[in-house]
Amino acid sequence: MEELKMYEEKMNKTLDVLLSDFGTIRAGRANPRVLDKIKVDYYGTPTPLQQVGNISVPEARMIVIQPWEKSLLKPIEKAILTSELGINPNNDGSCIRLIFPEMTEDRRKQVAKDVKKKGDGAKVAIRNIRRDANDAFKKMEKSGDMSEDDLTQATEKMQKLTDKMIEKVDKAVEEKTKEIMTV
């Protein structure tokens, strides 16, 4: 069914957004994805950090940012300080080092709670998509574009799809929580 495809794409987008959100959550070790949302003032234009320098992870809890131009050291440092990263950059005049402290048990639990909350939000979004789909199917049945049997079939398929997507969200939350709680 053509209608189901559209709703499946919406559900997949919801899952993709959740997974990319999870990528920006730091879990005790350095992950360059935590820099994804940081923009640097590059000659008056907010530019993603990845586009103004080379980012590497030489050690488990360190990220090194080597800007293409030395003049970018200060703007990069400022962008990191004003971000939600919560880490002070070390500027040695040629590159910037970010050293990630070991997460405390309390911090791990808090981050795990946030992960669960994001997962719950994604599940609500998926269920809303299911509701919208079922409403659309009912309207189609009322207007005669769909038979009662087709309506029942479409509703059942939508429910199976919803269950499958909720399962994927639960699995993603479980994996991220495990990653966060691993010391």
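Trainee: In this predicted model, how far apart are the closest N and O atoms of the salt bridge that E8 forms with K5?

Mentor: Both residues belong to helix α1, where three residues, about one turn of the helix, separate E8 from K5. In an α-helix, residues three or four places apart point the same way, because there are 3.6 residues a turn. A salt bridge requires a separation within 4 Å. The pair of E8 and K5 meets this limit, its closest N and O atoms being separated by 3.8 Å.

Trainee: Is E8 buried, partly exposed or exposed?

Mentor: The class of buried residues ends at 20% relative accessible area, and exposed residues have over 50%. Its partner K5 has 47% and counts as partly exposed. E8 has a relative accessible area of 23%, and is therefore partly exposed.

Trainee: With which residue does K37 form a salt bridge?

Mentor: K37 itself is exposed, with a relative accessible area of 59%. The closest N and O atoms of its salt bridge are 3.5 Å apart, and the partner is D21. This pair links distant parts of the chain, 16 residues apart: K37 lies in the loop between α1 and β1, and helix α1 holds D21.

Trainee: Which residues are joined into one network by salt bridges that share partners?

Mentor: Not part of the description of that network is the salt bridge of R131 with D132, whose closest N and O atoms are 3.4 Å apart. R131 is partly exposed at 45% relative accessible area, and D132 is partly exposed at 36%. Shared partners join one network, made up of D21, K37 and K118.

Trainee: Which helix gives the most residues to the largest nonpolar core?

Mentor: This core has 27 residues, and those touching the most other members are M11, F22, F137, M158 and V169. At least two residues come from each of α1 (2–23), α3 (105–142) and α4 (148–181). With ten residues, the helix that gives the most is α4.

Trainee: How many residues make up the other core, which includes L35, I55, I65 and I87?

Mentor: In the largest core, M158 and F137 are among the residues that touch the most other members. Beyond its neighbours within four places in sequence, F137 is in contact with residues including L4, Y7, L151 and M158. The core that contains I65 lies apart from the largest one, and its size is 20 residues.

Trainee: What is the separation of the C-alpha atoms of I65 and L98?

Mentor: I65 is located in strand β4 (residues 62–67), and its relative accessibility of 0% makes it count as buried. L98 is among the residues it touches, as are L35, I55, I76 and I80. Along the chain I65 and L98 are 33 residues apart, yet their C-alpha atoms are separated by 8.2 Å.

Trainee: How wide an arc around the axis do the buried residues of α2 cover?

Mentor: In helix α2 (residues 73–82), the buried residues are L73, I76, E77, A79 and I80. They lie on the same side of α2 because the arc they cover is only 160°. The opposite face carries exposed K74, K78 and T82, while the cover over the buried residues includes β1, β4, β5 and β6. The arc is thus 160°.

Trainee: Which residue of β2 does V40 stand opposite?

Mentor: Four bridges pair strands β1 (residues 39–42) and β2 (residues 45–48) in the antiparallel sense. The two strands form a hairpin with two residues between them, and Y43 in the turn has a positive phi of about 50°. Within β2, the residue opposite V40 is T47.

Conventions:
Residues are numbered from 1 along each chain as its sequence is written. This is a predicted model: local features need pLDDT of at least 70, side-chain atom pairs count only at pLDDT 80 or more; totals for chains, interfaces and linings use all residues. Side-chain values use heavy atoms; hydrogens and water are left out. Two strands pair if DSSP finds at least two bridges between them. Buried means under 20% relative accessible area, exposed over 50%, partly exposed in between (1.4 Å probe, protein chains only). Contact means heavy atoms within 4.5 Å. A nonpolar core is a set of buried Ala, Val, Leu, Ile, Met, Phe, Trp, Tyr and Cys residues joined through side-chain atoms within 4.5 Å. The arc is that of the directions from the helix axis to the C-beta atoms. A salt bridge is a side-chain nitrogen of Lys or Arg within 4 Å of a carboxyl oxygen of Asp or Glu.
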